[in-house]
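Colleague: I would like a close look at a single part of this model before I go back to the bench. Please start from one residue, describe its surroundings with care, and then work outwards to the rest of the chain.

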Amino acid sequence: MIKQITAIALALAAVGATQALAQVYPNKPIRVVLGYTAGGAADAAARPLMRILEPLLGQPIIVEPKPGTAGGVAADFISKVPPDGYTLYFADGGPFTTAPHLTKVAYNHLNSFTHIGHVCSTGSVLVVHPSSPFKSVAELVAAAKKEPDKWSYGTSGVAGPHHFSGELLKSFTGANLLHIPYKGGAPAMTDLMGNQVPMLFSSLTAAVGPYKSGKIRALAVTSPKRSGAFPDVPTMEELGYKGFDSTGWFELMGPAGMAPEVVARLSQALLKAGEDKSLQEQYKQMGCDAEFLTPAQTVEKVKSDYDKWGKVIREANIKAE
């Protein structure tokens, strides 16, 4: 009986300690790691969000780039930090939905992390030169089927999100398109505007300026919904490719083992930040549409994309560079 009472007392003490932790969390600055260098898309999406989260959490938030292997270095780092909620990761989906299918990683895409909340989504946009004969995706697909060895598409690189968009189009249509990988989105866009490559799957951010100035023609976006940055451009779904969804995204996450009360505190603050109209507009202008989700919804998103891209990678025999 004494042992039982002692065990109950210890359990109640542990619960009390956890609740106390949640009540005082956070009581010092929070560090948020990025998987890429400062000045990129992750940095542009993270910083305005952190400015809104700071007053909601009552503590400064320090953004720290930790680049390497397309976010993999930061993912491995976060998987090993103490789960106290003071070191988090503003991550894109690549290290968790595609990288594990392409290379051996030192973490599990679900069990090594606490997925706190999805923040925003961004698709690719299929663009051509204004002089291109293609006025629609249907015309492009028909030409690729008629002359299977003639047509190619460019992207920012092998095994990137835009490469996957191109392979998903091939999977949906049976069109034969040769992938031309560039070392980054900028040289790919330069060649498209110079009419050196027939078509390009581009990031929305890189395409906004050339599209608005008439230097390129946009045929479709690869997200399930139209992009706020390209409201007049149809989705692949609208064009008849049912279920076509090729989107990248950002989320806030931490290591596995974070206290549920701390996760709830962060999730509530994140969802509140997502209601900010100025933040939504900033994301719209950069081509990343705000979509703030709960931890459970975020985990389902990771699971779904992990399965989907694994299938595409296997069928297209995509290999990491």
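In particular, where does T155 sit, and which residues is T155 in contact with?

Modeller: T155 has its place in strand β5, which covers residues 152-155, and I should say at once that the model we are looking at is a predicted one. With a relative accessible area of 1%, T155 falls under the 20% limit and is therefore buried. Its side chain takes part in two polar contacts that can be described separately: the side chain of T155 reaches the backbone nitrogen of G157 at 3.1 Å, and a polar contact of 2.7 Å joins the side chains of T155 and H179. If neighbours within four places in sequence are left aside, the residues in contact with T155 are H162, H163, H179, I180, P181, Y182, A188, L200 and F201, so H179 appears both in this list and as the side-chain partner in the polar contact.

Following the chain onwards, A159 lies in the loop between β5 and α7. The phi angle of A159 is near 65°, which is a positive value in a residue other than glycine, and A159 is buried, with a relative accessible area of 19%. A positive phi of about 65° is also found at N195, again not a glycine, in the loop between α8 (185-193) and β7 (199-203); N195, however, has 43% relative accessibility and counts as partly exposed.

Helix α7 itself, residues 161-173, packs with helix α12, residues 295-316, at an angle of about 75° and with the two axes 10 Å apart, and the two helices are therefore roughly perpendicular to each other. On the α7 side the contact involves F164, E167, L168 and S171, which meet W309, V312, I313, E315 and A316 of α12. By class, this contact has 6 nonpolar, 1 polar and 2 charged residues.

Another part of α12 comes into view from strand β4, where H118 is found. H118 is buried, with a relative accessible area of 0%, and its side chain reaches the backbone oxygen of E291 at 2.7 Å. Not counting residues up to four places away in sequence, H118 touches W249, F250, E251, E291, F292, L293, T298 and K301.

For the wider setting, the largest nonpolar core has 35 residues, of which L49, M50, L53, F90 and Y283 touch the most other members. The elements giving two or more residues to this core include β4 (113-128) and β9 (247-255), along with α2 (41-57) and others, and the largest share, 8 residues, comes from α2. L53, taken as one example, touches I61, A269, L270 and A273 when residues up to four places away in sequence are not counted. Apart from this core lies another, of 28 residues, among them V128, Y153, M199 and A220.

One last backbone detail belongs to the loop between α1 (2-24) and β1, where P26 has its place: the peptide bond from Y25 to P26 is cis, with omega near -10°.

Note on methods
Residues numbered from 1 in each chain as written. Predicted model: local features only at pLDDT ≥ 70, side-chain atom pairs only at ≥ 80, totals over all residues. Heavy atoms only, no water. Axes fitted to C-alpha atoms, helices over the stretch in contact; angles between N-to-C directions. Helix = DSSP H or I, 4+ residues; strand = E, 2+ residues; numbered from the N terminus. Parallel < 35°, antiparallel > 145°, perpendicular 65-115°, else oblique. Contact = heavy atoms within 4.5 Å. Nonpolar A, V, L, I, M, F, W, Y, C, P; charged D, E, K, R; others polar. Core = buried A, V, L, I, M, F, W, Y, C linked by side-chain atoms within 4.5 Å. Buried < 20%, exposed > 50% of the residue type's maximum accessible area, 1.4 Å probe, protein only. Polar contact = N/O pair within 3.5 Å; in protein donor to acceptor, adjacent residues only side chain to side chain.
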